[in-house]
Every structure is written in structure tokens, then in C-alpha cells.
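Look at the sequence and the 3D structure below before reading on. The paragraphs after them go through selected places one at a time.

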Amino acid sequence: MEKRELKAEIRKARLAVRDAIPAETRLEHSLAMTELAGDDLSLEPGLVVSGFFPIRSEADIRPLMARLKARGARLCLPVVLDKQTIVFRELAAGAELVDTGFGTRGPGPEAAVLDPDLLLVPLSAFDAAGNRIGYGAGHYDRAIARLREKGRHPRLIGIAFDCQEVAEVPYEAHDVRLEAVLTESGLRRFME
């Protein structure tokens, strides 16, 4: 089986397990992530953090984003421009939110486009080496590659539930490893 097919199989299986978590439990786990992240996500005031609004059965990191904003972070959200591209638009208080692709909402075209220093990355599956499987479109891999071409090297923190961990993610050359993953059990670092 090719790596791409194996990834698709793993993605489908882990998302099915995540989907089976009752909504109340997902909410409890999401709130636990906010508490467990605590000061582990060190940041300087003005640091640009890309978060996301939850879709389907993803963890709801809006409380975590609020905590980071209270500590001085500038927040942004990913916005799908086309099948190949996402940009990160600033999430400002009071700004109108619009449909931004993948069934989520975010800042409209009038919002500033920012280059994140820290990306909180949604995913389908991850392993103990920091490899991840996204949703299959490659948006984050390409966005991270574009940031690196500009000389930027954002920190990458995966957001998942413990049940999304697998023994091994098939790694490909274009895949970008995570620095850490935040689950309901806490922040696990893979590399410094």
C-alpha cells in the first residue's frame, strides 16, 4: 500500500474514533487543554498565534485562544483562498466573521494578513515522533513551506485528542513535523 493510501486509511479511522467522542466529553477535553497548556505555551507580547475555530468533532480551542490573547498574543485564523492556498487573517475584536472555507468562519478580506509565529494546527492523527496527518488537502504543509521561504520558522503545535495518536504516521518529504501536540492529557514536546 502506498503512503498516501495508508495515510487516508489512518485518517478515516482516527476521525471516526474522534467523531465517536460525545460532545460533552469533547468540550471537557477542550477545556482541559486550556488549563493544561498553562504557561507551557510561552510567548512574548505581540507574538502572532494562528488558531482555528472548530469544525466537526475538533477540539474547541477558542478558550485557549482567549487566554493567549489575554497574555498579549495577536490572533489570526486560517482562511482558505483556493484549493492550494490558505492565508492567516488577523482576528480583531468586533470584526465581522465570514465563511472562510471548510465549514468555518473567520475574518473577512479587510482583515490584515499576518505571518504566524506559532501555529495551533488541527489534525487527524499524530505519532510519538511529531509526525501528523492533516485532512488531506495539504493546506498547512504548503502554508508552512511559504512561511519558511520567507525566512519564517513558526512553532508548530498540533491540537488533538489522545485517541488520535497512532503507532506510526507514514512520513513523506513534504510533511512537516510538529514541535509538540496538545491533548486533554497535556502538552507533549517532540523537539526543541
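What follows is a walk through a predicted model, from one arginine to an aromatic pair, a helix and the cysteines.

Begin with Arg 62, which is found in helix H3, a helix made of residues 62–70. Is this residue buried or exposed? Arg 62 is neither: its relative accessible area is 42%, and because the partly exposed class lies between 20% and 50%, it counts as partly exposed.

Next, consider what surrounds Arg 62. Leaving aside residues up to four places away in sequence, Arg 62 touches Phe 53 and Pro 54. With Phe 53 the arrangement can be described further: Arg 62 lies over the face of Phe 53, at 5.9 Å from the ring centre. The side chain of Arg 62 also has a polar partner, Asp 60, and the polar contact between the two side chains is 2.7 Å. Sequence separation and spatial separation can be set side by side for Arg 62 and Thr 34: they are 28 residues apart in sequence, and their C-alpha atoms are 9.0 Å apart in space.

A second arginine is also placed over a ring. The charged end of Arg 56 sits over the ring of Tyr 135, 5.2 Å from its centre.

Now turn to rings that pair with each other. How many aromatic pairs are there? The count comes to 1. The pair is formed by Phe 88 and Tyr 140, with 6.4 Å from centre to centre and 55° between the planes, and it is classed as tilted. Phe 88 belongs to strand E3 (residues 86–90) and Tyr 140 to helix H4 (residues 139–149), so the pair, 52 residues apart, links distant parts of the chain. Both Phe 88 and Tyr 140 are buried.

Tyr 140 leads on to the rest of H4. Its neighbours in the helix include further buried residues: His 139, Asp 141, Ala 143, Ile 144 and Leu 147 are buried too. In an α-helix there are 3.6 residues a turn, so residues three or four places apart point the same way. What covers the buried residues of H4? The cover includes strands E2 (74–80), E3, E6 (118–122), E8 (132–133) and E9 (155–159). After H4 comes Gly 151, whose phi is positive, near 85°.

Last, the cysteines. A disulfide is a covalent bond between the sulfur atoms of two cysteines. A search of the whole structure finds 0 of them. Cys 76 is buried, because its relative accessible area is 0%. Cys 163 has a relative accessible area of 22%, so it is partly exposed.

Key:
Residues are numbered from 1 along each chain as its sequence is written. This is a predicted model: local features need pLDDT of at least 70, side-chain atom pairs count only at pLDDT 80 or more; totals for chains, interfaces and linings use all residues. Side-chain values use heavy atoms; hydrogens and water are left out. Helices (H or I, at least four residues) and strands (E, at least two) are DSSP runs, numbered from the N terminus. Buried means under 20% relative accessible area, exposed over 50%, partly exposed in between (1.4 Å probe, protein chains only). Contact means heavy atoms within 4.5 Å. A polar contact is a pair of N or O atoms within 3.5 Å; within protein, one must be able to donate a hydrogen and the other to accept it, and residues adjacent in sequence count only if both atoms are side-chain atoms. Rings of Phe, Tyr and Trp (its six-membered ring) pair if their centres lie within 6.5 Å; planes under 30 degrees apart count as stacked, over 60 as edge-to-face and the rest as tilted. A charge sits over a ring if NZ of Lys or CZ of Arg is within 6 Å of the ring centre and within 35 degrees of the ring normal. A disulfide is a pair of cysteine sulfur atoms within 2.5 Å.
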